[in-house]
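Please look at the charged side chains in this structure. A short report on them follows, with a few words on the neighbouring topic of strand pairing.

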Amino acid sequence: MQDPMRATVVMGVSGCGKSSVASALAKHIGARMIEGDTYHPPQNVQKMQAGIPLTDADRQGWLEQLAAELTRTVAAHELAVLACSALKRRYRDLLRTAVPELGFVFLQLSPAAATERVKHRSSHFMPATLVQSQFRDLEPPTDEPLVLTVDACEPLHVVVERAQAWWRTTSAPGART
């Protein structure tokens, strides 16, 4: 019998609703919400504010910090929900090395919808001009284990209900045997 899923990443491009979904999901399942954006070093934030896309090298230390935070949370016998873009397979695999049986909720939406959402956000360092670079980097988690793909344009409560139902089913003892 497999261990229950102890951690989930809510992933996708900027503007897909990661933070809102992750926060609500964490509340519903009694998990610790980890906001990935708060772990970006100042130089990454400055680059993004200036409209400069992050590189793999820029993201490496950030992802390692997030992996360590997931490890600490699970080691403390807490559930974790991480809001993190996790755009590339190698990023997701790095996070999977920290927590075996890591689940991913992929919030999928079109470039036009993401751009429109980011344009109307206030108090966030990611400008709408970087949305296209996120789509260029995005490697959808097709054929990867423990992934739920959800239409990010659905109402928040619908997305969260679907994620919560998937988490319950996937985390049930013996669900993945």
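With which residue does Glu 144 form a salt bridge whose closest N and O atoms are 2.8 Å apart? The partner is Arg 96. This is a predicted model. The pair links distant parts of the chain. Glu 144 sits in the loop between helix 6 and strand 5, and Arg 96 in helix 4, 48 residues apart. Both Glu 144 and Arg 96 are buried. Through shared partners, salt bridges join Arg 89, Arg 92, Asp 93, Arg 96 and Glu 144 into one network.

**Three bridges of the network**

The structure holds eleven salt bridges. Three of them are listed here, with the distance between the closest N and O atoms.

| Salt bridge | Closest N and O atoms |
|---|---|
| Glu 144 with Arg 96 | 2.8 Å |
| Asp 93 with Arg 96 | 2.9 Å |
| Arg 89 with Glu 144 | 3.8 Å |

Take Arg 89 and Glu 144, whose closest N and O atoms are 3.8 Å apart. Arg 89 lies in helix 4, which covers residues 89-98. Glu 144 lies in the loop between helix 6 (131-137) and strand 5 (147-151). The two residues are 55 apart in sequence, so their salt bridge ties together separate parts of the chain. Arg 89 is partly exposed, at 35% relative accessibility. Glu 144 is buried, at 9%.

The bridge between Asp 93 and Arg 96 stays inside one element: both residues belong to helix 4. They are three residues apart, so about one helical turn separates them. Asp 93 has a relative accessible area of 29% and is partly exposed. Arg 96 has 14% relative accessibility; buried means under 20%, so Arg 96 counts as buried.

**Strand 5**

Which residues of strand 5 point to one face and are buried? They are Leu 148 and Val 150. Val 147, Thr 149 and Asp 151 point to the other face and are not buried. In a regular strand the side chains alternate between the two faces of the sheet.

Strand 5 also has a partner. Strand 4, residues 103-108, pairs with strand 5 in the parallel sense, over five bridges. Within these strands, Phe 104 stands opposite Val 147 of strand 5. Val 147 is one of the strand 5 residues that are not buried.

Technical notes: Residues numbered from 1 in each chain as written. Predicted model: local features only at pLDDT ≥ 70, side-chain atom pairs only at ≥ 80, totals over all residues. Heavy atoms only, no water. Salt bridge = Lys/Arg side-chain N within 4 Å of Asp/Glu carboxyl O. Helix = DSSP H or I, 4+ residues; strand = E, 2+ residues; numbered from the N terminus. Buried < 20%, exposed > 50% of the residue type's maximum accessible area, 1.4 Å probe, protein only. Pairing = 2+ DSSP bridges.
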